[in-house]
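Me: Please take a close look at a single part of this structure and explain what surrounds it. I am a first-year student, so give the cut-offs as you go.

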2 protein chains.
Amino acid sequence: MLTDRQLLIFQVIVDDFIRSAQPVGSRSLSKKEEIQFSSATIRNEMADLEELGFLEKTHTSSGRIPSEKGYRFYVDHLLSPQKLDTKDVNSVRSIFTERIYELEKIVQRSAQILSELTNYTAIVLGPAVRENKLKKIQIVPLNDETAIAIIVTDTGHVENKMFHLPIGIDSSDIEKLVNILNERLTGVPLEELNGKIYKEVALVLRQHIRSYDSMFSSLVETLKIPTNEKLFFGGKTNMLSQPEFHDISKVKNLLTMIEHEEDMYDIIRKNPSGINVKIGKENGNSAMDDCSLITATYSIGTEQLGTIAILGPTRMEYSRVISLLKFFSNDLSVVLTKLYQSK
Amino acid sequence: MLTDRQLLIFQVIVDDFIRSAQPVGSRSLSKKEEIQFSSATIRNEMADLEELGFLEKTHTSSGRIPSEKGYRFYVDHLLSPQKLDTKDVNSVRSIFTERIYELEKIVQRSAQILSELTNYTAIVLGPAVRENKLKKIQIVPLNDETAIAIIVTDTGHVENKMFHLPIGIDSSDIEKLVNILNERLTGVPLEELNGKIYKEVALVLRQHIRSYDSMFSSLVETLKIPTNEKLFFGGKTNMLSQPEFHDISKVKNLLTMIEHEEDMYDIIRKNPSGINVKIGKENGNSAMDDCSLITATYSIGTEQLGTIAILGPTRMEYSRVISLLKFFSNDLSVVLTKLYQSK
DNA sequence: GTTAGCACTCCTTTATATCGAGTGCTAAAT
DNA sequence: ATTTAGCACTCGATATAAAGGAGTGCTAAC
C-alpha cells in the first residue's frame with residue numbers, strides 16, 4: 001500500500017534519524033543523492049506518511065521522526081540483513097577462543113562484549129539451570145548444627161545451600177543419605193527433584209535413616225533451591241550517553257528498573273525463541289517507553305537454554321544489533337554445545 | 001585556635017548546607033535562634049573562616065559552603081555521636097532476625113538495607129574468603145575430559161571451578177587424590193593452600209597417583225581460585241537523586257566507576273579497621289571528587305572479615321551515617337560470630 | 001504529478017533588563 | 001575594641017524581547 005517512493009523516503013528518514021538523533025527535514029532529505037525529488041514533493045509524501053502513522057513531528061514546524069508504528073514497520077519490512085563487520089566478527093570470536101570453561105563466566109563475558117560492541121546495555125539470561133540434570137549431591141557438615149548441601153549438574157553448574165542439622169544426627173547417617181540420594185536422583189532434571197524426592201526417595205530414606213523426619217524436612221527445604229536463571233549485565237551505564245536520556249529523571253527510572261532484577265527477569269524471560277524485537281511501549285513498562293529491547297535465544301544441543309538481550313533507545317541500530325545477536329547467539333550455542341554436550 | 005563563636009557558626013553552616021544543599025548566607029544564619037549576633041558580625045567571621053580554608057564561595061557574592069578541609073575538620077572535631085533513631089535500629093535488627101544462613105545473602109541484604117536507610121549507595125565487601133579454613137575438597141567428574149573441583153570452607157563458603165582431566169585418568173585415582181588432599185589440607189587457610197600443596201602434598205601425591213604430573217598441574221591451576229572478596233551493592237542509583245549530580249557527565253563517571261569492580265575493590269579494601277571517612281579528593285579518584293566514602297569493618301570473632309561502605313555526596317549526613325555504620329557493623333559482627341564461630 | 005515560492009511556526013540563540021540574596025567595607029554605636 | 005547599621009556592588013537567576021533559521025503547509029505555476 002505504500003508506494004516505492006514513500007518506502008524510500010521513509011527508510012532514509014529512519015536511517016538518518018537513527019544516526020543523528022535529529023528530526024529529519026525535507027530540505028536535508030532532498031540533498032541526499034539517493035533522493036531525486038524536490039523538497040516540496042518530499043513534504044507532500046511526509047505529510048502522507050504522517051497521516052498513516054509512520055512519522056511524527058516534535059512540534060508544528062519541525063522535521064519528522066519515526067513513530068513507534070514506524071519503527072515497527074521498519075523492523076518488520078525494511079530491514080535488509082546486514083553483513084557484519086569483520087571487526088565485529090573478530091570481537092565475538094575472541095571470546096570463544098579464550099579458554100573459559102565455566103558457563104557463568106562465558107555468559108558474563110558475553111554480556112560485556114556485546115555492550116562494548118553496541119554501546120547499548122546487554123543483558124544475558126543465564127543458562128536455565130532447572131533443565132540441567134543432577135550429576136551429584138554432596139553434603140558437607142560444618143559443625144554439629146549446620147551442614148552445606150552441594151548440587152552439581154551435568155553442565156558443571158554448582159548450587160549450594162546451608163541447612164540446619166537435626167540434633168544428634170550421625171555422620172554415618174549423612175553418608176547413607178547422600179548415597180541414597182545420588183543413587184536415586186542422578187540424571188534427574190533439577191526442576192523435577194522435589195517431586196522425585198517425595199515420590200521415590202522418601203520411602204527408602206525412611207527405612208534407612210534414623211532421625212529421618214527432622215532431617216528430611218530440613219533437606220527438602222534446602223533442595224528448593226531457587227533455580228531461577230541469573231541475569232548478567234554489560235554496559236549498564238551506556239544509556240547515559242544517549243541523547244534521549246539527557247533527562248535525569250528518565251535515566252533514574254530506567255536504571256532503577258534495570259537494577260530491579262525480578263522485573264528484568266520477567267521481561268527477558270517471556271520472549272519466545274529466535275530473534276525478537278520489542279519497541280517502546282510494547283515493552284509494557286513505562287520506564288522503557290523510550291527503549292527497544294532485542295532478544296535472541298541460545299541453546300545447548302537441542303535444549304533452549306537462555307536469552308541474550310540488547311536494550312537501547314527506540315532510535316536503535318536495529319539492523320546491526322539484530323545481525324550481531326543472530327551471529328552471537330549462534331556462535332554461543334555452538335561453543336556451549338561443544339563444551340557440555342560431550343556426554 | 002578557632003573561637004567558640006567561629007566554631008558555632010561553622011557548625012551551623014555545615015549542618016545547614018548538608019540539609020539544604022544551598023550556600024548559606026549571613027542573613028539566614030542570623031535568623032537561627034542559636035545564633036544571636038548580627039549578620040554583619042557573621043559576615044566578618046565567615047570571611048575569617050574562609051581565609052582559614054574552612055569555607056568557600058561558589059561565586060563572589062554567594063553564601064558560603066564548606067570546603068573539603070572544612071568537612072574534614074567537621075568530621076574530626078565537631079561530630080557529636082548521634083543517637084540512632086529507633087526506626088533505624090529496628091530496620092537494622094530486622095535483617096538479623098530473618099533466618100538467613102548463607103553469609104553471602106546476609107551481606108547482600110545488608111547492602112540493600114543500608115542503602116534504603118541512608119538513600120546513599122551502600123557497598124559491602126564480602127567476607128575475606130582467603131582467611132577461611134578449608135573444610136573439604138571434592139572433585140566431581142562431569143565426563144571424560146572435565147571435572148569440577150569444589151572447595152568448602154569452615155564458614156560454609158563454597159568455591160568451585162572446572163578443570164580439564166588428563167586423558168586416561170581413572171576414577172579411583174581421583175578418589176585417592178581427593179582423600180589425600182582432604183587428609184593433608186583440612187584446616188588450612190585458603191590463602192596458604194597453594195604453598196602447602198607444593199611443600200607437603202606434592203610428594204605424597206607423586207607416590208600414589210598414576211599420571212600424576214598432568215593431573216597435578218591441572219589441579220593446582222584450579223586451586224588458584226581468585227579468592228578476592230566479592231562486592232555487594234545497594235542503591236546504586238541513589239546518587240541520581242542528589243542535586244550535586246544533576247550533571248549527566250558527572251553521574252556517568254561515577255556510575256561507570258562503581259561498575260568497575262576492580263577499582264572499587266581497591267578503594268574499599270585499603271581502609272583500616274574501624275570507622276573511616278574519606279572526603280572528596282581524599283579518595284584519590286576524580287570520579288569521586290564530589291563524594292565521600294565512609295567505611296566500617298566487621299568481623300567474625302577476632303578475625304577482621306570485611307568492610308561496609310557508604311558512598312554519598314561530600315555533603316553527606318556524616319553524623320547519622322557514622323552512627324549507623326558503627327551500630328550496623330557491630331551487630332553484623334555479633335550475628336556472624338554467633339553463626340559461624342560455633343566451632 | 002511536480003516544484004518554486006511564500007507566509008507562517010516555533011525552537012534556539014543572543015541580548016538586555018530586573019530582581020534579590022549575598023558580600024565587603026566604612027563609619028557609627030556599644 | 002567589638003559589634004552593628006548602612007550602603008554600594010556583584011552575580012546568579014529569571015523574564016522579555018528580538019533576530020535567525022530550519023522547517024512546514026499551501027497555492028499557483030510548470
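Reply: What follows goes from one residue, Thr155(B), to the interface between the chains.

This is a predicted model, in which local features need pLDDT of at least 70 and side-chain atom pairs count only at pLDDT 80 or more, while totals for chains, interfaces and linings use all residues. Residues are numbered from 1 along each chain as its sequence is written, chains are lettered from A in the order in which they are written, and side-chain values use heavy atoms, leaving out hydrogens and water.

Thr155(B) lies in the loop between β5 and β6 of chain B (strands are DSSP runs of E, at least two residues, numbered from the N terminus). Thr155(B) has a relative accessible area of 8%, so it counts as buried (under 20%, with a 1.4 Å probe and protein chains only).

Leaving aside residues up to four places away in sequence, Thr155(B) touches Leu103(B), Asn132(B), Ile300(B) and Tyr340(B), and also Leu142(A) and Met162(A); contact means heavy atoms within 4.5 Å. The side chain of Thr155(B) makes polar contacts with the side chains of Asn132(B), at 2.6 Å, and Thr153(B), at 3.0 Å. A polar contact is a pair of N or O atoms within 3.5 Å; within protein, one must be able to donate a hydrogen and the other to accept it, and residues adjacent in sequence count only if both atoms are side-chain atoms.

As for the interface, 37 residues from chain B and 38 residues from chain A take part in the contact. Five residue pairs between the two chains are in polar contact, with both residues at pLDDT 80 or more.

Conventions. Helices (H or I, at least four residues) and strands (E, at least two) are DSSP runs, numbered from the N terminus. Buried means under 20% relative accessible area, exposed over 50%, partly exposed in between (1.4 Å probe, protein chains only).
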